[in-house]
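This explanation goes through a ligand site and then a helix. Please keep the sequence and the structure at hand while reading.

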Amino acid sequence: MSSPAAEPANLMEAIVSLAKRRGFVFPSSEIYGGLNGFFDYGPLGVELKKNIRDCWWNDMVRRRDDIVGIETSIIMHPKVWEASGHVAGFSDPLVDCKVSKNRYRADQLFWAAVVVDGNTVGYVSALESEKTTEELQAAAEQLKRKKAIQGALAPVQPKDFTEAQPQEIAQIPSPATGNPDLTPPRAFNMMFQTNVGAMTDASSVAYLRPETAQGMFVDFKNVVDTGRVKLPFGIAQTGKSFRNEITPRNFIFRSREFEQMEMEFFIHEDDDWAKWHRYWIDWCTSWLKSIGLPDTHLSEYDHLKEKLAFYSKGTTDIMFKFPFGVQELWGIAARGNYDLGQHEKASGVPQAIFDEATKKKFVPHVIEPAVGLDRIFLAVLAAGYAEEQVTDDKGNTETRTVLRLSPRIAPVKVAVLPLLKNKEALTTRAKELYKKLQRRYAVFYDEAGAIGRRYRRQDEIGTPWCVTIDFDTIEKDGSFTLRERDSMQQKRITEAELFALLDEQVF
Ligand code: ATP
C-alpha cells in the first residue's frame, strides 16, 4: 500500500544526491575538487542519456522519411563562427564584483530603487530566482528600517542589471558585499578558444563549437548533392557543445560542456513558415510526453517580437517546470534563410537550390528545434522522482524512493531476481532468462538480499519491472512473478508475455 507520492522538501538536493549515490551523474574531476560547470555520467547515467538520445534519433531521423542525420566535427573552420555571428555576438553581459571577485550575468542580477514617499533613498539587489521580487521587497524594507526613514515604501520595481544607468550602477549593492562594488556590464564571449596545429598565433585560433546547428548549415550543399532529399526536409545531429557560461548552475541544467540534439528543417521560401513552426512545436511537445514528461510540467513561451534577432520570424520555447522554476527546455526558432545566406556570402559558395516548378533559384528557409540532452535528463529525473510512504503486510511503514521513468528511457528495463540465492534450480533458471533478455535489453540480475530490498533498489533507479523466479516457476507452469514499479502490483506472466510486453513498451 502506498500514500500519494510526495515531493521532498528540497527536490534538487534529493535528485543530486540520488544521482551521485546510484551512479547517474558525478562532478567532473571530483578527486581534484571538481571543475565548475562540468559533469561525468556514471554507469546508469550513461544508459539513461543514451536511451534519451536513441529515442530522439529513432523518432526524429529513422522513423521519418524527410529527415537525415549527420555528424560534424566539434572544431570547425573559424570562419564558420564569423559568418554565423558568434565571434561578434555570442556573448553574455558580464558584471564583476570588484571586492569579492564574484562574477554575475547582468541579465540574472536584479535590482530596485528603494522609494519612500516618492523619493529614492537607496538601492537593493538580488540574484534571479523564483522569489526575486519578494527578496528585493524584503531588502527594501530592511534598508528603510536601517536608515530609520519614516513614510510609505513603494512596491519595488525589479529591473535587471543591463537596464541600470551609470549613476545607478554607482549605488547598487553587490549581492556579495552589500556595498556598491559592481562594474558596468561588458560583453563576454562564451566560445572556448583553442589553437589548431603547432603554432599558437592569431592564425591558429579556433573554437569549440557552441552549438551543433552550424554543422547542418555548412554541410547543407553536401547533403543536397547526395541526392536523397527534397524540400521540405531536415538535417539532424546530436553532439557535444561548449559554452563558457558565466554562471553555470542548477546542476546539469546549465553547464559548460553539454550535449545538444538539433534539427534544421529546410522549407521553400514561399512555404508557410508559421505552419511548420507550429508543427515542430507540437511534435517536440508530444515527443517529450512520449518519453514520460507530464503535461502539467510543460508550457510554451513566445519570445517577444521586439527582442528577436532581426532575421528571426519567431521563436517559441517549450518550458519545463524544474524544481528551481519554469525554464527553457527546447527552443523552436523560425530563422528565415539567414544562416545559409551568411555562409553563402562568407564562403562565396552558392547555397541556393533550383526549384523545378518555378524555374527559380532560392536559398531555403529553416525552422530549428534545438534542445539540450542534459536538460531533458534533468527534467525526467525531476518529474520522475518521488518519495512515498509504503506499508508492508506486517504493518511496517517505510519511505520508498522511486524514479518513475518511462520504459522507453529507463536505464534498466527488467531486473531478474531468483527468490532465493542458495537454490540452484532457481538461480539457473533466472540466469537463463537474464541471458536471453540481455540480447535485446538492458537488464540486471540480482540475487543478494531480501526480495523487498531488491525491489527498492530497482525502484530507486527507475527499473519499470522486476521478475521473480520462484518455486512455481520451476515446479509448475514456468511463469514468473512480474512486479510493476509504479503500482507495486504483482501478477504471473509467461516468458512469451514478458517479451511481448517489452516489445510493446520499449521502443
Ligand atoms: P539559455 O537562454 O538557457 O542560455 P539559449 O537560448 O542560449 O539557452 P540555445 O542556444 O537556443 O539556448 O540552445 C538550445 C538548447 O540547448 C537550449 O534550449 C538548452 O536545452 C540547451 N542548452 C543551451 N545552453 C546550455 C547549457 N549551458 N547547458 C545545458 N544545456 C544548454
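How far is an oxygen atom of the ligand from an N or O atom in the side chain of R254? In this predicted model, the distance is 2.7 Å. The side chain of E328 also supplies an N or O atom, 2.6 Å from an oxygen atom of the ligand. At L329 the backbone takes part instead: one of its N or O atoms lies 2.9 Å from a ligand oxygen atom. The ligand on its own exposes 590 Å², and the protein buries 81% of that area. Strands β13 (257-267), β16 (325-334) and β19 (365-372) each give two or more residues to the shell around the ligand. That shell has 14 residues, of which R243, E245, R254, S255 and E328 come nearest.

The second part concerns helix α12, residues 424-438. With 15 residues at 1.5 Å a residue, α12 should span 21 Å, and its end C-alpha atoms are 20 Å apart, so the two values agree. Its buried residues are L426, T427, R429, A430, L433, Y434 and L437. These cover an arc of only 165° around the axis, which means that they sit on the same side of α12. The spacing has a general background: an α-helix has 3.6 residues a turn, so residues three or four places apart point the same way. On the other side of α12, E424 and K435 are exposed.

What covers the buried residues of α12? The cover includes the strands β22 (414-418), β23 (443-445), β24 (465-469) and β25 (480-484). It also includes the helices α14 (471-475) and α15 (495-505).

Terms used:
Residues numbered from 1 in each chain as written. Predicted model: local features only at pLDDT ≥ 70, side-chain atom pairs only at ≥ 80, totals over all residues. Heavy atoms only, no water. Helix = DSSP H or I, 4+ residues; strand = E, 2+ residues; numbered from the N terminus. Expected span 1.5 Å × (residues − 1). Buried < 20%, exposed > 50% of the residue type's maximum accessible area, 1.4 Å probe, protein only. Arc of directions from axis to C-beta. Contact = heavy atoms within 4.5 Å. Near = heavy atom within 4 Å. Polar contact = N/O pair within 3.5 Å; in protein donor to acceptor, adjacent residues only side chain to side chain. Areas by Shrake-Rupley, 256 points an atom, 1.4 Å probe, with all protein chains shown as cover.
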